[in-house]
Amino acid sequence: MDVIYPRCAGLDVHAETIVACALWEEEGKIQKEIQTFSTFSKGLGDLLEWLEKTMGSPMSPWNPPACIGNRSLPSSRAMST
């Protein structure tokens, strides 16, 4: 089986929490890390920092979704169009 993405993460989003799981290969073994974050502003900032730390590397930089990377959600006007 070929590796398509050397690192990947999944988010399980709930009303008050987000559970994030990251998988990557290190020294021939699959590594896994799971963290739970609040859906409030501080928790989302912590999620962004965790994703940058866990997913980012000099060899494979990642770009977070705009709503997380900018730490702001799209306006309701933009969503209604």
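Is C8 buried, partly exposed or exposed, and what is its relative accessible area? The answer is given in point 5, within these remarks on what is a predicted model.

1. Sheet architecture. The model contains an open sheet of three strands, arranged in the order β1-β2-β3 with antiparallel pairing. The edge positions are taken by β1 (7-13) and β3 (29-38); each has a single partner strand, so one side of each is left without a neighbour in the sheet. On average, neighbouring strands of the sheet are turned by 15 degrees against each other, with direction ignored.

2. Strand pairing. Seven bridges connect β1 with β2 (residues 17-26), and the two pair in the antiparallel sense. The pairing of β2 with β3 is also antiparallel and comprises ten bridges. V19 of β2 illustrates how the strands are joined: D12 stands opposite V19, and T36 is the bridge partner of V19 in β3. As a general point on such elements, side chains in a regular strand alternate between the two faces of the sheet.

3. The turn between β2 and β3. The hairpin formed by these strands has two residues between them. E27 lies in this loop, and its phi is near 55 degrees, which is a positive value in a residue other than glycine. Is E27 buried or exposed? With a relative accessibility of 78%, E27 counts as exposed, because the exposed class begins over 50%. A colleague inspecting the backbone may wish to look at this residue.

4. Helix against sheet. Helix α1 (residues 41-55) packs on the sheet and touches β1, β2 and β3. The direction of the helix makes about 165 degrees with that of β3. L51 lies in helix α1 and, at 4% relative accessibility, counts as buried. L51 and A22 are 29 residues apart in sequence, yet their C-alpha atoms are 8.4 Å apart in space. A22 falls within the range of β2, residues 17-26.

5. Cysteines. The structure holds zero disulfides. Why is there no bond between C8 and C21? The sulfur of C8 is 7.7 Å from that of C21, the closest cysteine sulfur, and this is too far for a bond; the cut-off applied to a disulfide is a sulfur pair within 2.5 Å. C21 is accordingly in no disulfide, its nearest cysteine sulfur being that of C8. As to the opening question, C8 is partly exposed, with a relative accessible area of 37%. C21 also counts as partly exposed, at 24% relative accessibility.

6. Salt bridge. How many salt bridges does the structure hold? There is one, and it is formed by K42 with D46, whose closest N and O atoms are 2.9 Å apart. The pair meets the criterion because that separation lies within 4 Å. Both residues belong to helix α1; being four residues apart, they are separated by about one helical turn. K42 counts as exposed, with 62% relative accessibility, whereas D46 counts as partly exposed, at 28%.

Notes
Residues numbered from 1 in each chain as written. Predicted model: local features only at pLDDT ≥ 70, side-chain atom pairs only at ≥ 80, totals over all residues. Heavy atoms only, no water. Pairing = 2+ DSSP bridges. Axes fitted to C-alpha atoms, helices over the stretch in contact; angles between N-to-C directions. Contact = heavy atoms within 4.5 Å. Salt bridge = Lys/Arg side-chain N within 4 Å of Asp/Glu carboxyl O. Buried < 20%, exposed > 50% of the residue type's maximum accessible area, 1.4 Å probe, protein only.
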